[in-house]
Amino acid sequence: MTLSAPGPARAAADVAAPPAAAGPAAPPAVAVAPADRTRWFVLGVGLICTFLVVGGASIANLAMPSLQQTLHVGFGTAQFVVAGYGLVYAVFLITGGRLGDVSGRRRVLLGGLVLFTAAVLVGGLAPNAPVLIGARLVQGFGAALIYPQILSIIQDTFEGKERNFALGLFGATIGVAIVAGQLIGGALIQLDLGGLTWRPAFLVLVPIGAAALVTGSRVMAPDRPAGRDHIDLAGTGLLGASLLLLILPLLIGPGAGWAWWTWAMFVLAIPMFALFLRYERSLVRRGRTPLLRPSLFRQRAFAVGTVIGVLYFVTIVGLAVYTSLTFQVGLGLDPLQAGLAFAPVGVAFFLSSLVVPRLVPRLGRAVLTIGHVLLLGGLLSAWLTARLAGPGLTAWSLALPLLLVGTAQGLTMSPLIGIVLTGIRPEDKGSASGALTTAFQVGQALGVAGIGTVFSMLGAHPGPGADTDRYRVAFGAALFLMAALTLVSLLLVFLLPTPHDSRPHHHFLWLRHGRRTGLAHALYLLTGGHAVGRLTHWFHHHGEHPHGAGPHGGQLHGDEPHDERT
């Protein structure tokens, strides 16, 4: 996935072109179509890879208390185990997608599988925290190589209704991995197999990754890469260093007593970001392909939309991680019970994602407002419940607020990027879509670190009172902070500009697709989707078109030509 893309003038291509390059782009890698039976094995490999990447993130959420106890580490170190995976994933997801286009998707996916599986094995056997953190960083890099290739491989392997079926399975696999990752991880941690506590929850992915690697190397046909185009490795390094200087102090600052060097890292993050943007401008002037086109920030829709996305993902990821932690330490639930207690969010998210494609054509960007209002209501009601219940707080008493939060996520996740893109100039929509999805992943890493800072200062360090009492207090403070961030995000929604394109059917959020479209978009964006426009394009040209609308009905794109590069 890359943050920049060519800007074709045609409306269909504006939405569908993958965010690959700022200037003229080489054609994407072309795969050799596999034999009839083999293609289903190829799909199986893609689905297993999807489960690995998504499950690799969700499994670790429930392991934080166990990690602290067995490795004898502080709260910040346990946070880094979770956030490190997401941080590296966010930074290299950009480059991973581009590598697949220019070096071959099969080669990059299998290489990512090798790194991912080996890192999981090392992490599961890690004798100490530094080895575990290093393994998680490598695992995040492997995930960034794997995930952007999956939809491209599905596109190359299937056509028509079979492609729709494959995409449906892909979306379902993401949903299953999000829920099953927590449940499987919680069950394995609770069982404490062989006295290994959290380790089986990590090691369970090793045979799955090995099976995908062996099968993929046998059934995936070689593809013809587009060639050696410029990949902005220097920009990737500068962006990674900037984010590390921003996030690392949040993780280790409370444990270090906010020493002077933690504040120095915060200060250094500012010139590092400036250096990154300056370098990206220099690439544009030289006609090279930048990681990010700085000119995007001059468009209000992109600047405001990026902040909305970051704040939104800080909130929902912070909620997921620290609710699970509170359930275990604050309420005394075992890991499996904690995973089950958070299930209302997943159920409500699934159901509302099925409904949102029907709402957006009628309500437009008001859906985004409604989603934020529901999220704010859910967080405030959870905070009020925790405050009033005190020591009597139970997971059941939080079920209704969590249902509101899950409903809000489904209403907001799918249309968020689409509503932002309607205010972007047509020639910049490809670049902006890639930049926004990457910002979402940065928001996830910030959610673990930023919300965790508040949580750590109030509940995770030794102090007066029992651990259960301090964790409940910390949970209430974190909920209030997340509600405040949601309120800011809600106000920013009203600053989104009027769309440049007055014909709303030129963007996917206005297309009248079936219910699975909203679910697939929501799940894909939640997990760091690559080439959002590509997914949209497939649904538009091969999916459901009620009332005769579609490529043959002439009601959506008229006579605009199809760009085969999508």
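**Exercise 1.** Is Val347 buried, partly exposed or exposed?

*Solution.* The model is predicted: local features need pLDDT of at least 70, side-chain atom pairs count only at pLDDT 80 or more, and totals for chains, interfaces and linings use all residues. Residues are numbered from 1 along each chain as its sequence is written, and side-chain values use heavy atoms, with hydrogens and water left out.
- Step 1. The relative accessible area of Val347 is 48%.
- Step 2. Buried means under 20%, exposed over 50%, and partly exposed in between (1.4 Å probe, protein chains only). Val347 is therefore partly exposed.
- Step 3. Val347 belongs to helix H14, residues 343–363 (helices are DSSP runs of H or I, at least four residues, numbered from the N terminus).

**Exercise 2.** State where His72 and Thr197, both with positive phi, are found.

*Solution.*
- Step 1. Most residues other than glycine have a negative phi.
- Step 2. His72 has a phi near 55 degrees and sits in the loop between helix H3 (64–71) and helix H4 (75–103). His72 is exposed, at 69% relative accessible area.
- Step 3. For Thr197, phi is about 50 degrees; its loop runs between helix H7 (160–191) and helix H8 (199–203). Thr197 is buried, at 18%.

**Exercise 3.** Which residues does Ile154 touch?

*Solution.*
- Step 1. Contact means heavy atoms within 4.5 Å.
- Step 2. Leaving out residues up to four places away in sequence, Ile154 touches Leu43, Arg163, Ala166, Leu167 and Phe170.

Terms used: Helices (H or I, at least four residues) and strands (E, at least two) are DSSP runs, numbered from the N terminus.
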